[in-house]
Amino acid sequence: MGKPVLTLIIGPTCSGKTTLINRMVSEQGYTKLLTATDRPPREGETEEDYIFHSIESFDAAREDMLAIRTFEVASGAVYRYGVPRSTLEYLAQHRTSSVMVIDPIGAEELGDFLIPRGIDPFVIFLSEEVGTLMNRARKRSNESNRSIDEYLAHLDEARDRIFRERDLFNLVYIRGAFDLMFGNPISE
């Protein structure tokens, strides 16, 4: 079996989604598809990570986007993410093996758009032990104990959704499974 046309990576904050995608691109030749956001870049992020918009330019591009999601972060700021329709139409036309990070509901919406175009996305859920996720989250930003508690509650919600809707995922990797994953073809 060859590589899927589109692999979607889903997982909580700090689960290693970017690390996995970067390995898939560098080691297996996948093309990284970018989502758009109106949040400012984090330290070290570039236009190779997201399509960064201002609030105004995101509003202007909104009609060309699918799977738009709004997320509130610990600071109380609210940011939006979306997938440019033009990106998906290009993918449907050229069928290059591509990979993208998205949330579970967004994955379902992309499936609704792509399956009629002959692309059934391959979905991987990636996670880590809660302690590892918390350590990574603390390193990423200086969170208060309240926001850490909110983050833990969010992880519990995500885990509950995974077990309720397990049929959405083709693969579930937990606890640093990169080496296991790269020892086997991504498509299996």
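The following legends describe close-up views of a predicted model of a single chain.

**View 1. Overview of the chain and its secondary structure.** The predicted chain has 188 residues, of which 44% count as buried, and its secondary structure comes to seven helices and nine strands. Of the contacts that join residues at least 6 apart in sequence, 65% are between residues at least 24 apart. The accessible surface comes to about 10400 Å², and carbon and sulfur atoms account for 49% of that area.

**View 2. Confidence along the chain, with the C-terminal stretches.** The mean pLDDT of the chain is 76, and 65% of the residues score at least 70. Confidence is highest in strand β4 (residues 51-52), at 96, and lowest in helix α7 (residues 178-183), where the mean is 48. Over residues 177-181 the pLDDT is below 50, and this stretch has eleven contacts in the model beyond near neighbours in sequence. Residues 183-188 also stay under 50, and for them the model has 15 contacts beyond four places in sequence. Where pLDDT is low, the predicted coordinates should not be read in detail.

**View 3. The largest nonpolar core.** This core holds 19 residues, and those that touch the most other members are Leu6, Leu8, Val83, Leu88, Met100, Ile102 and Leu110. Two or more residues are contributed by each of the strands β1 (6-10), β5 (65-72) and β8 (122-127) and by each of the helices α3 (85-94) and α4 (104-114). Helix α4 gives the largest share, four residues. In soluble globular proteins, nonpolar side chains tend to be buried together.

**View 4. The surroundings of Ile102, and a second core.** When residues up to four places away in sequence are left out, Ile102 touches Leu8, Ile9, Ile10, Ala67, Val83, Ala107 and Leu110. Apart from the largest core lies another core, of nine residues, which include Ile9, Leu20, Met24 and Tyr30. Ile9 is thus listed both among the residues that Ile102 touches and among the members of this other core.

**View 5. The salt bridge between Asp38 and Arg80.** The count of salt bridges in the model comes to seven, and in one of them the side chains of Asp38 and Arg80 meet with an N to O distance of 2.9 Å. The pair links distant parts of the chain, with Asp38 in the loop between β3 (36-37) and β4, Arg80 in strand β6 (residues 78-84), and their positions 42 residues apart in sequence. Asp38 counts as buried, at 9% relative accessibility, and Arg80 is likewise buried, with a relative accessible area of 12%.

**View 6. Asp59 and the network around Arg80.** Arg80 also forms a salt bridge with Asp59, in which the closest N and O atoms are 2.6 Å apart. Asp59 lies in helix α2 (residues 55-61) and Arg80 in strand β6, so this pair ties together parts that are 21 residues apart in sequence. Asp59 is partly exposed, with a relative accessible area of 42%, whereas Arg80 is buried. Asp38, Asp59 and Arg80 are linked in a network of salt bridges.

**View 7. The salt bridge between Glu109 and Arg69.** The side chains of Glu109 and Arg69 meet in a salt bridge with an N to O distance of 2.5 Å. Because Glu109 lies in helix α4 and Arg69 in strand β5, the pair ties together parts that are 40 residues apart in sequence. Glu109 is partly exposed, with a relative accessible area of 33%, while Arg69 is buried, with a relative accessible area of 16%. Both of these elements, α4 and β5, are among those that give two or more residues to the largest nonpolar core.

**View 8. The open sheet of four strands.** Four strands form an open sheet in the order β4-β3-β6-β5, with mixed pairing. Strands β4 and β5 are the edge strands, each pairing on one side only. β3 and β4 pair in the parallel sense over two bridges, and Phe52 in β4 is the bridge partner of Thr37.

**View 9. Ser15 and Phe125.** Ser15 is found in the loop between β1 and α1 (17-28) and is buried, with a relative accessible area of 2%. Ser15 and Phe125 are 110 residues apart in sequence, and their C-alpha atoms are 9.6 Å apart in space.

Methods
Residues are numbered from 1 along each chain as its sequence is written. This is a predicted model: local features need pLDDT of at least 70, side-chain atom pairs count only at pLDDT 80 or more; totals for chains, interfaces and linings use all residues. Side-chain values use heavy atoms; hydrogens and water are left out. Buried means under 20% relative accessible area, exposed over 50%, partly exposed in between (1.4 Å probe, protein chains only). Contact means heavy atoms within 4.5 Å. Accessible areas come from the Shrake-Rupley method with a 1.4 Å probe; for residues, only the protein chains shown count as cover. pLDDT is the predictor's confidence in each residue, from 0 to 100. A nonpolar core is a set of buried Ala, Val, Leu, Ile, Met, Phe, Trp, Tyr and Cys residues joined through side-chain atoms within 4.5 Å. A salt bridge is a side-chain nitrogen of Lys or Arg within 4 Å of a carboxyl oxygen of Asp or Glu. Two strands pair if DSSP finds at least two bridges between them.
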